[in-house]
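Here are some exercises to work through with the structure open in your viewer. Try each task before you read its solution.

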Amino acid sequence: MHRRHFLRSAAAAAGLMPLAARPALATLYQTAAKAAGDLEAIRGDGRAITLPASAIKDLAASLRGPVLLADSAGYDSARRVLNPAIDRRPALIVQPTGAADVSRAVHFAAAHGLLVAVKCGGHSFSGMSTCDKGMQIDLSGMRSVRVDARARRAYVEGGTLLGLVDHEAAAHGMVTPLGTVSHTGVGGLTTGGGFGRLARTYGLAVDNVVGVDVVTADGRVRHADAQEHADLYWGVRGGGGNFGVVTSFEFQLHPFAGTVTAGEVVFPIARAREVLRFYAEWSQRAPDALYVDFVMAQPPGGKDGVALLHVCYCGDHADRDLAPLRTLGTPTANTIKAQRYVDFQRSGDYSDVRTMGEYMKSGFTTGIDERLIAGIVDGFEGHAARSTAVFTQHAGGAIGRQPVGSCAFPHRHAQHALMAAVSWKVGDDGAPHMGWARKYWATIEPLTSGFYINEVNDESRAVLNANYRENFPRMVAVKSQYDPNNLFRLNANVQPA
Ligand SMILES: Cc1cc2nc3c(=O)[nH]c(=O)nc-3n(C[C@H](O)[C@H](O)[C@H](O)COP(=O)(O)OP(=O)(O)OC[C@H]3O[C@@H](n4cnc5c(N)ncnc54)[C@H](O)[C@@H]3O)c2cc1C
């Protein structure tokens, strides 16, 4: 069982109409012109605005991809994100076919001051990639990967899901480190940081980005790398969607055997303290090739809870380096075996339509001490009407060997990302479940150090600013240069000076 899988998410909810099935541009163009009339929308500053039908018609005519309005086929699946508790309705959705369309859409949004949401894989827990009455730029029509094996590079379009990158790189005996669920978007994952099973060996996803094409708030398509627009290159690697829409990522690839020793060892939840204590010590002194997560999870009803260790080892000494696991005695299940990395990368995917609303709090640890163990285990409660889970994502290793200022991602000290999540049946009142999660997290939070902006939720501006640590002043400077009117604000937002 995958820790995020436990929350019963579904790729299907984020699945978007394939390009071939989309209505022809002409039809949509007519729909926009005929049915919509003028369109009620909102600006980024919250003020209401009316978009004239003629302006929408002109926008549609300037694009190769469709503009979807509320009555267009495909509108509903596009506006939705993975978390079904999020139910927002953009005034219009643009589905670009490439950087030129993104540029037109951004021009239009900037000219009208529209609220803008950018969607890649739709995994944002808090629904930052959709919005009410603004413009959603849905990148699902921009999903492709080209590998240049000789140069050890992968060129990845901005709407691609990470499984496609794993798949294409593996065909060349290579890899770049991305996240742990194959239907997560490369766009959101990478711009925020990008933790995964190989990050302790090869670094975060951001550490492997050698160049990007970005559409900035003025609608210009810019290439950014260490030489060209170096400040923009610095900012998009950890600054989330603050600086524009990345239409293409250039990733460094690493030769990779393709096989890992991976799986889970599962224990009853009654052994959670002991398993977590073992994990705290083992994960801290692990070789880089060993990635291990702790999961404590309780389904609704309070029965059959588990404490488990999720392991992915990519080194040459599996027997030796995994031997300490045996000191935990006999588990209720052990699925660890040699398997293809790309298969294990898909092991936490799910295809059933999501039925659960979700809420999550997260923070980084600098290690797991007895106080944190007590906070995690003692406060954890099952409940008749919700799933409850607390889990880690192993950091350290190569992640910590990059200087803090190497890119906008500042949390190089992290030993683990720690997350507490609740999920409940859609239609039920989520408030008591979110309330419980906030109360549980209140004991844990003081023992954490910063949080992952890709799990951003309801944090105040001051908390968000402080979370960029010493990189914050440069974030403000880069934001002021490339997005002085804060067009891209649905993210862990930094306000321009
Ligand atoms: C099931 C699940 C598993 C996860 N596993 C991991 C994991 O292993 N490692 C990890 O680090 N994180 C993980 N996450 C968190 C994940 O990194 C964030 O949810 C991330 O925002 C998802 O990216 P997305 O493109 O799918 O999301 P979206 O909801 O599409 O986008 C989120 C935000 O990213 C920005 N964005 C997206 N695409 C672009 C682009 N092309 N250019 C500029 N900005 C863009 C926008 O600001 C947008 O609001 C997971 C989340 C889920 C739900």
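**Exercise 1.** Which residue stands opposite A117 in β6?

Solution. A117 faces Q136 of β6. Strands here are DSSP runs of E with at least two residues, and helices are runs of H or I with at least four, numbered from the N terminus. Next, look at the pairing: β5 and β6 (residues 135–138) run parallel and share 4 bridges. Two strands count as paired if DSSP finds at least two bridges between them.

Before you go on, note that this is a predicted model, where local features need pLDDT of at least 70 and side-chain atom pairs count only at pLDDT 80 or more, while totals for chains, interfaces and linings use all residues. Residues are numbered from 1 along each chain as its sequence is written, and side-chain values use heavy atoms, leaving out hydrogens and water.

**Exercise 2.** Place β5 and β6 in their sheet, then find the helix lying across them.

Solution. The sheet is open, has 4 strands in the order β3-β4-β6-β5, and its pairing is mixed. Its edges are β3 (67–68) and β5 (116–119), each paired on one side only. Helix α5 (residues 99–112) lies across β4 (92–94), β5 and β6, at about 165° to β6. Angles are taken between N-to-C directions, from 0 to 180 degrees, with axes fitted to C-alpha atoms, for helices over the stretch in contact; contact means heavy atoms within 4.5 Å.

**Exercise 3.** Trace the sheet of 5 strands from edge to edge.

Solution. Follow the order β7-β8-β12-β10-β11 through this open, antiparallel sheet. You start at the edge strand β7 (145–148) and end at the other edge, β11 (221–225). From one strand to the next, the twist averages 15°. Inside the sheet, β10 (residues 209–215) and β12 (residues 245–252) pair over 6 bridges, with V214 opposite V246 of β12. Finally, helix α6 (residues 162–170) lies across β7 and β8 (153–157), at about 30° to β7.

**Exercise 4.** Describe how α10 and α13 pack.

Solution. The axes of α10 (residues 272–284) and α13 (residues 370–378) are 10 Å apart, and the helices pack at about 145°. Among the residues that meet are L276 in α10 and I373 in α13.

**Exercise 5.** Which residues are closest to the ligand, and which atoms make polar contacts with it?

Solution. Start with the surroundings: 34 residues surround the ligand (a heavy atom within 4 Å), and the closest are C120, G122, S129, F195 and Y452. Then turn to the polar contacts, pairs of N or O atoms within 3.5 Å; within protein, one must be able to donate a hydrogen and the other to accept it, and residues adjacent in sequence count only if both atoms are side-chain atoms. The side chain of S129 places an N or O atom 2.6 Å from a ligand oxygen. A backbone N or O atom of V246 is 2.9 Å from a ligand nitrogen. A polar side-chain atom of N454 is 2.9 Å from an oxygen atom of the ligand.
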